[in-house]
Amino acid sequence: MTDTTWFTEARLGLFVHWGLYALPARRGDNTGTSEWVQRHEHTHPDVYARYARWFDPDRYDPAAWAEEAWQAGMRYAVLTTKHHDGFCLWDTALTDFKATNTPAGRDLVRQFTDAFRARGFRIGFYHSLLDWHHPDFPVDGKHPLDADASARTEPRDIAAYAEYLHGQVCELLTGYGRIDVMWFDFSYAHEPGVWGGKGSDDWRSSELLALVKGLQPGILVNDRLDLPGSADFVTAEQVQLAGPPERDGDPVVWEACQTLNGDWGYNRDNRSFKPADQLLRMLVDTVAKGGNLLLNTGPDARGALDRGTLERLSAVGEWMELHERSIRGAGHSMYPAPPDCRYTQRGDRLYLHLFSWPLRHVHLPGLAGKVDHAQMLNDGSEVRFQDSTTVAGHPDDPALSDKGSVTLHLPEHRPDTAVPVVELFLRDRPGPTTPVAP
Ligand code: GLC
């Protein structure tokens, strides 16, 4: 099985959805997300392709993106090489529908990989399995032309499309150095109510996976190829899981992908950015359940990150600077967290994240006798505690002593940070809970 150590150590990554859909910069309907605008507006591929004539990202500065993301505490970055619209950000030899044939005039993937790698990031490629531009991609219930009777019956050769798909993946995995993650999106052969859905037979997924692993042996591949049991990690999209996902009772490697504002691609009129403290609670909750968070940005048509994004990244970074060690390399703890709290754990360090500030005391079940020292993580100030068997004044009253707990005496005032964290130094180092590949 492929080594996932760097991935579970990193915990926080940057997702970038960037393509021609940054020009319309709207959803086109009330329910979907903006990078689906072509589908929502049922735009013919030839009409949609006109956006390429005005794609001129003169403000594209991937070194600046990399700096922002690094300061936010992200350590890997996944870029959309091609989304469902079929537009390619790199200089592919297999289609003309690519960045080099726009006013951009350059290979935007190369600039991205160069800049992010130079800053120390691991690199991932998101690659759409769907392709609404390719003439051999059969029209189906998700295609922009699904209502067009003649398009529906056009002879289209999925095998020819699969050749193209494999050819492009080969280009991406041979032309850009070491690639750490291949993030395919997505299969829908079995989606109820969708006619013509596609999956592993259409993509020739087993072969595709073998190609990917053959070209980049250390690469991690996600779980959207419709090949159960083949993934290095599973993906949870825009959802906080109830608990650590498991397979046959063992924890699995997983990643949550989340938007900043409900859209993946840039959407000019979407101001619904999640507050930074909410994003941080999402990060903590994810890591507490043993997962990674891949946080999305949708750069605009000129290649810039908007203010809502920059503000969120900087607030995440401000918190990460003080609390990095409760996230990086940390994961699920076997100890049960008290109400409104999440634990993460790394070896003998247990991190108590307080989602709401308690009334001075917080009781930690099961930790009596196990804590050596406790401190606020933001400033290293001691947090006094006692085993609850010795609660002052009531040592023997069974109604008041909660045997087995530790009681922390927190400062009156909540530290001025998005999510306060208490760092607990345990006396014993518990055995590791190593996640298995899903
Ligand atoms: C969905 C959407 C897509 C987005 C992806 C991110 O599969 O189709 O637009 O890129 O989720 O996970």
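This section describes the surroundings of the ligand and two helix packings in a predicted model.

The ligand is surrounded by 14 residues, of which His17, Glu35, Trp36, His83 and Glu237 are the closest. Polar side-chain atoms approach oxygen atoms of the ligand at several points: for histidine 17 the distance to a ligand oxygen is 2.5 Å, and for glutamate 35 a polar side-chain atom likewise lies 2.5 Å from an oxygen atom of the ligand. For tyrosine 126, an N or O atom of the side chain is found 3.3 Å from an oxygen atom of the ligand.

Helix H4, spanning residues 62-71, packs against helix H5, spanning residues 108-119, at an angle of about 40°, and the two axes are 8 Å apart. H4 and H5 are therefore oblique to each other, and their crossing is right-handed. On the H4 side the contact is made by Pro62, Ala63, Trp65, Ala66, Glu67, Ala69, Trp70 and Gln71, and on the H5 side by Gln111, Phe112, Ala115, Phe116 and Arg119. Classified by residue type, this contact of H4 with H5 comprises nine nonpolar, two polar and two charged residues.

A further packing involves helix H10 (residues 276-288) and helix H11 (residues 307-323), whose axes are 9 Å apart and enclose an angle of about 55°, which makes H10 oblique to H11. The crossing of H10 and H11 is right-handed, with Ala276, Leu279, Leu280, Leu283 and Val284 of H10 meeting Arg312, Ala315, Val316, Trp319 and Met320 of H11. The contact of H10 with H11 contains nine nonpolar residues and one charged residue, but no polar ones.

Note on methods:
Residues numbered from 1 in each chain as written. Predicted model: local features only at pLDDT ≥ 70, side-chain atom pairs only at ≥ 80, totals over all residues. Heavy atoms only, no water. Axes fitted to C-alpha atoms, helices over the stretch in contact; angles between N-to-C directions. Helix = DSSP H or I, 4+ residues; strand = E, 2+ residues; numbered from the N terminus. Parallel < 35°, antiparallel > 145°, perpendicular 65-115°, else oblique. Left-handed = near helix turned anticlockwise from the far one by under 90°. Contact = heavy atoms within 4.5 Å. Nonpolar A, V, L, I, M, F, W, Y, C, P; charged D, E, K, R; others polar. Near = heavy atom within 4 Å. Polar contact = N/O pair within 3.5 Å; in protein donor to acceptor, adjacent residues only side chain to side chain.
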